[in-house]
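Q: Could you take a close look at one part of this model for me, the open sheet with few strands, and then walk outwards to what lies around it in the description? A connected account would be lovely.

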Amino acid sequence: MPFISRRLRAALLATASATLVAAALPPPVPLGIGDPLFPHLGNPGYDVLSYDIGLTYRGSNSEPLDAVTTIDARTTEQLDRINLDFTHGKVREVEVNGLRADFATADEDLVIRPPGRLPAGVPLHITVRHTSDPSGKKESGGWVRTADGLAMANQADAAHRVFPSNDHPADKAYFTFRITAPKDFTVVANGLPAGTARHGAETTWSYRTEHPMATELAQVTIGRSAVLHRTGPHGLPVRDVVPSADRKRLEHWLGKTPAQLDWMERQVGRYPFETYGLLVADTETGFELETQTLALFERSLFTRTAYPEWYVDSIMVHELAHQWFGDSVSPRSWSDLWLNEGHATWYEARYAEEHAGQKLESRMRDAYTRSDDWRAAGGPPARPDTPAPGQKLSLFRPVVYDGSALVLYALRQEIGEKAFDLLERSWVKEHRDSNAATADFVRLASQTAGRDLTEFFDGWLYGKKTPPMPGHPDWHSAEPAGQR
């Protein structure tokens with residue numbers, strides 16, 4: 001029998017043990033945190049603390065980008081496998097805590113088998129070398145191809161079409177972006193600049209967020225862009241990113257942002273982030289998006305003459321209001337979406353009333369008339385129907401916009417303007433940089449009003465029929481279309 005050293009015997013035993021463990025493990029399967037609307041979204045067992053996302057863009061917005069995503073996290077339970085949300089890219093290599101790890105895919109999950117079982121409460125450092133593919137259907141989200149490059153539109157669950165992640169707003173984290181592109185391109189991302197480095201014909205641009213962010217709010221834009229700077233309230237840096245050829249044409253709109261910031265601060269308190277600005281992209285998405293600190297707008301919103309000025313102004317305020325409602329205070333589950341969109345619509349409508357004479361009460365009365373129809377078509381505000389497969393953007397339906405702003409109008413009617421204004425300020429202050437659920441809003445509203453509002457909210461948020469409007473007994477909702 002040949003001599004086998006003690007070190008070799010130990011290695012052989014470790015290999016045999018790992019083989020036995022692997023044989024005992026079930027095949028890779030997609031997991032989720034049990035979101036009522038998207039059950040496979042997010043992953044249990046760990047809490048992400050930060051993402052470091054490196055991307056290399058070669059100059060074509062139809063070719064995959066080379067990418068390295070590094071995730072620092074902490075385990076919250078014992079793990080034999082680590083699931084990340086990821087699709088639409090090729091994974092080349094994975095490391096866990098500095099050691100190579102096996103991996104497989106299951107549906108839209110990247111399933112990683114670490115070299116050993118991970119106990120609860122330990123640091124987790126994951127490095128994934130992969131590609132990030134901007135090709136595909138625009139309506140699927142993730143990368144959005146523009147006339148001169150790329151931008152991101154990750155809501156509701158498309159960030160994992162760009163980078164591996166725990167793609168659910170319940171797990172917010174800090175972000176660092178390092179994007180390399182040809183030197184004639186400009187790159188901007190969420191947060192503040194953290195330096196540039198020129199190497200040959202390419203430049204690497206770095207950005208960092210100073211506040212945690214949900215994956216759906218990540219933004220990177222690559223293009224032949226102009227970056228315009230101005231100052232908001234309290235010296236806030238305001239940074240806009242626009243197609244270079246449009247910088248003068250868009251100045252009329254961009255110059256409105258500081259005053260809009262001031263108006264929002266007078267409603268709910270200090271702006272919650274380190275910078276703000278508009279990303280005006282030459283593309284057609286069908287929506288604008290509240291990506292954190294750098295909101296995405298279609299160029300056509302500002303260049304089409306069909307839109308009245310007050311309407312464009314109010315849409316700008318809608319996305320600005322989201323920086324408080326949805327970005328700083330993020331939903332705990334996607335059923336809490338009404339808190340995002342209802343509030344953004346509320347301040348959009350309030351701004352239009354104060355600055356353009358568009359009566360809030362008239363808009364709310366019209367919403368009340370349609371409310372039962374909206375509930376029948378898509379569910380009540382806080383219990384929306386699950387979107388059909390492949391149609392996740394259908395979650396963004398009238399009942400979560402004007403139908404949810406109507407809930408806030410009813411609440412103000414119920415508890416009075418003074419209590420309502422206090423509630424709004426308390427909500428964004430108490431839950432800043434964190435997540436909150438509908439139950440948290442009900443609890444704080446009851447505390448602010450000095451009485452239990454559970455029954456009031458049950459009807460307005462979960463009822464199939466719209467309750468009577470406080471103070472307006474003459475308001476009536478039309479019969480749903482299917483019952484007429």
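A: In this predicted model, three strands form an open sheet in the order β3-β7-β6, and their pairing is antiparallel. Its edges are β3, residues 82-85, and β6, residues 102-106, each of which pairs on one side only. Direction ignored, neighbouring strands of this sheet are turned by 25° against each other on average.

Let's zoom in on one of its pairings. Five bridges join β6 to β7, which spans residues 109-113, and the two strands pair in the antiparallel sense. You can pick out one of these partnerships by eye: Ala104 has Val111 in β7 as its bridge partner. As background, strands of a sheet pair through backbone hydrogen bonds, either parallel or antiparallel.

A good residue to visit next is Glu93, which sits in strand β4, residues 91-96. Leaving aside residues up to four places away in sequence, Glu93 touches Arg100, Phe103, Thr127, Val128 and Arg129. Of these, Phe103 falls within the residue range of β6, so to speak a handy link back to the sheet we started with. With Arg100, the side chain of Glu93 also makes a polar contact, side chain to side chain, at 3.2 Å.Arg100 brings us to a second sheet. This one is open too and has eight strands, in the order β5-β4-β8-β2-β1-β11-β14-β13, with mixed pairing. Its edge strands are β5, residues 99-100, and β13, residues 192-199, and each pairs on one side only. Between β4 and β5 there are two bridges, in the antiparallel sense. Here Arg100 in β5 stands opposite Glu95, while the side chain of Arg100 makes its polar contact with Glu93.

Finally, it is worth turning to the largest pocket, which holds about 630 Å³ of space. Its lining counts 25 residues, and Gly286, Phe287, Glu288, Ile315 and Tyr401 lie nearest the centre. Three helices, α4 (299-303), α5 (309-321) and α6 (337-356), each supply at least two residues of this lining. The largest share belongs to α5, with six residues. By character, the lining divides into ten nonpolar, six polar and nine charged residues.

Key: Residues numbered from 1 in each chain as written. Predicted model: local features only at pLDDT ≥ 70, side-chain atom pairs only at ≥ 80, totals over all residues. Heavy atoms only, no water. Helix = DSSP H or I, 4+ residues; strand = E, 2+ residues; numbered from the N terminus. Polar contact = N/O pair within 3.5 Å; in protein donor to acceptor, adjacent residues only side chain to side chain. Contact = heavy atoms within 4.5 Å. Pairing = 2+ DSSP bridges. Axes fitted to C-alpha atoms, helices over the stretch in contact; angles between N-to-C directions. 1 Å grid on protein atoms, 1.4 Å probe; cavity = no way out; pocket = protein on both sides within 12 Å on 5 of 7 lines; lining within 4 Å. Points joined across faces, edges and corners; volume = space filled by probe spheres on them. Nonpolar A, V, L, I, M, F, W, Y, C, P; charged D, E, K, R; others polar.
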